[in-house]
Structures are given as structure tokens and as C-alpha cells.
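Subject: A structure for you to explore

Hi there,

Here is the structure I promised you. Please open it beside this email and follow along as you read.

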Amino acid sequence: MHLRAGWGTHWEVIVIIVHHLENSRSQRVLWLLEELALEYEIKRYARNPKTMLAPPELKEVHPLGKSPVISDGDNVVAESGAIIEYLVEHHGNGSLAPARGTPERLRYTYYLHYAEGSAMPPLLLMLVFNRLPVMAPTLIRPLVRGVANTVKGHFIEPQIALHLGYLESELELRDWFAGDAFSAADIQMSFPLEAAAARGGLNERYPRLSAFLERAHARPAYQRALEKGGPYQLMS
């Protein structure tokens, strides 16, 4: 909650609204808001139980009908990375982001974009190809399963392993992705790693990444976000 000047001496109370889709990236936004100690309201949306897609009501908030989306007064912001940058810049008071012009700031910016731009695509493909045999007509289900397993084995799984190996090495000299201090980049990076854990890529071969998730999940703000956001389980 914050104030915005209105007419004369009138001040308008602005409350950040999180349009929160269950079991989605919007859980990161709740976590960030808790880390920043900001007041906010949650508007909840349930997935279609058959398709697991977001409901059409979200299109009333943003044309793409996806989550996360936040409303902050007249500003409607979509995309996880853009939301994180917006909240840290406008409401962070210098917290959760390294100082500008430092190597840590460059790493911070990189991981804000890398999480969705590079890490998530193969994990999304894994989700799609895991679900294809289930969605296929019974008669051709064995054929679809064979094609899906081939694509996963020859392309998707090697890509996931490539990224996880890279990220494991990135944490060799530091506890957090931007540097020694926790930052909003770690909130952004949590989702692809949680997705990798749910879909079978993140295992005992990556102890640093597993330890990162343990540290992240142990943060009080993360726990508060879970309490407010409700059950959180990613599709495998």
C-alpha cells in the first residue's frame, strides 16, 4: 500500500493487486512482495481442471490472459522479470538489487532475463511432451508416447542437463546467483529450478542447486508467501 497525491490535499491510497494463478509463476511475485514488506491484495484464479490453462477472466486484466500480472494504480505490469524490475525499482528502496555499475548488478540483470529466456523453454517443452501421450486418443497413444520419448531423450533432456550443469557451476563460488547477497534475481531463478525438480532434471547430481532451493525455501518471506498464496505444486 502506498499513497498518491490527488486533488488539493487529498491523498489516494494505492494497493498493489496480484492477479494470482494457482501453481504458477505468480508465486514468485508474492514472495518478492513479502521480501519487500509491501502490502498487497491477491485476486485468485483457478486453472481449468482439464486443460490446466488459465481462465478467460485473466484476459480482462491483460490481453494475453496469463499470470503473473500486477495492478499498481494505473500501471498494469505483466511478465515475471518486468514485474520484479518494476517492484524493486519503484518500491524496493534500494533493497534486493546490487548497486548499479558493479559486476553483481550485471549478474543480477542477466539472471532476471536468463530465467525465462533460456532456462524455462526446455522445461516447458518437457511439460508439453510429458502430457502429449495422456492427451492423445487411445488408439494412437503408444505412437505418440514413442515420439515424445524420442524427442525428450535426444533433445529436451540434454538441454535441461546443459543448463543445470551451467547453473551448478555458477554457484561454486557464491551462495546466490548475483553474488554473496540474496537478491530479486534469486526469486526469479527459483521457478525454473523448482520446475526442474518437479520434472525430473534436478537431482543429486546438482547438490549446489538443491542447496540453493533449500536456502530459498527456508526464508521467512517465502514461507509467508506460501501461506497467503495457497497450495503450490508445479506440473510434472
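Let's begin with the overall build. The protein chain contains seven helices and six strands. Going along the sequence, their order is β-β-β-α-β-β-β-α-α-α-α-α-α. The radius of gyration is 19 Å, close to the 18 Å that the globule rule gives for 236 residues, so the chain is as compact as a globular protein of that length. If you turn the C-alpha trace onto its principal axes, it spans about 70 × 45 × 30 Å.

Please keep in mind that this is a predicted model. The mean pLDDT of the protein chain is 90, and 94% of its residues reach 70 or more. Where is confidence lowest, and where is it highest? The lowest mean, 49, belongs to strand E1 (residues 2-5), while helix H6 (residues 207-218) has the highest, at 97. Over residues 3-7 the pLDDT is below 50, and this stretch has 12 contacts in the model beyond near neighbours in sequence. Do read that part with care.

Next, a few totals for the whole chain. Of the 236 residues, 44% are buried. Among contacts with a separation of 6 or more, 66% are between residues 24 or more positions apart. The accessible surface comes to about 12,600 Å², and carbon and sulfur atoms account for 57% of it. There are 24 positive and 26 negative charges, and the mean positions of the two groups are 8 Å apart.

Now for some places to zoom in on. Start with helix H1 (residues 26-35), which is mostly covered: 10 of its 10 residues are buried. Those buried residues include Trp31 and several leucines, Leu30, Leu32 and Leu33, as well as Arg28, Glu34 and Glu35. Just after H1 comes alanine 37, with a positive phi of about 60 degrees.

From there, move to glutamine 188, which sits in helix H5 (residues 184-198). Is glutamine 188 buried or exposed? Its relative accessibility is 0%, so glutamine 188 counts as buried. Setting aside neighbours within four places in sequence, glutamine 188 is in contact with eight residues you can pick out one by one: Arg28, Ser80, Gly81, Ile84, Tyr111, Leu112, Ala115 and Glu116. Arg28 in that list is one of the buried residues of H1.

Glutamate 116, another partner of glutamine 188, is found in helix H3 (residues 103-135). With a relative accessible area of 24%, glutamate 116 is partly exposed. Not counting residues up to four places away in sequence, glutamate 116 touches Arg25, Arg28, Ser80, Pro121, Gln188 and Phe191. Arg28 and Ser80 therefore appear in the contacts of both glutamine 188 and glutamate 116.Glutamate 116 and proline 192 are 76 residues apart along the chain, yet their C-alpha atoms are separated by 7.8 Å.

For a contrast, look at histidine 154 in helix H4 (residues 141-170). At 68% relative accessibility, histidine 154 counts as exposed. Histidine 154 and threonine 102 are 52 residues apart in sequence, and their C-alpha atoms are 39 Å apart in space.

Finally, some backbone details. Most residues other than glycine have a negative phi, and most peptide bonds are trans. With that in mind, try these three spots:

- The peptide bond from serine 67 to proline 68 is cis, with omega near 15 degrees. Proline 68 is in the loop between strand E4 (40-45) and strand E5 (69-72).
- Glutamate 79 has a positive phi, near 75 degrees. This residue lies in the loop between strand E6 (75-78) and helix H2 (80-91), and at 55% relative accessibility glutamate 79 counts as exposed.
- Leucine 96 also has a positive phi, near 65 degrees. Leucine 96 is found in the loop between H2 and H3, and with 13% relative accessibility leucine 96 counts as buried.

Enjoy looking around!

Best wishes

Technical notes
Residues numbered from 1 in each chain as written. Predicted model: local features only at pLDDT ≥ 70, side-chain atom pairs only at ≥ 80, totals over all residues. Heavy atoms only, no water. Helix = DSSP H or I, 4+ residues; strand = E, 2+ residues; numbered from the N terminus. Rg over C-alpha atoms; globule rule 2.2 N^0.38 Å. Buried < 20%, exposed > 50% of the residue type's maximum accessible area, 1.4 Å probe, protein only. Contact = heavy atoms within 4.5 Å. Areas by Shrake-Rupley, 256 points an atom, 1.4 Å probe, with all protein chains shown as cover. Lys, Arg positive; Asp, Glu negative; His and termini not counted. Charge placed at Lys NZ, Arg CZ, Asp CG, Glu CD. pLDDT = per-residue confidence, 0-100.
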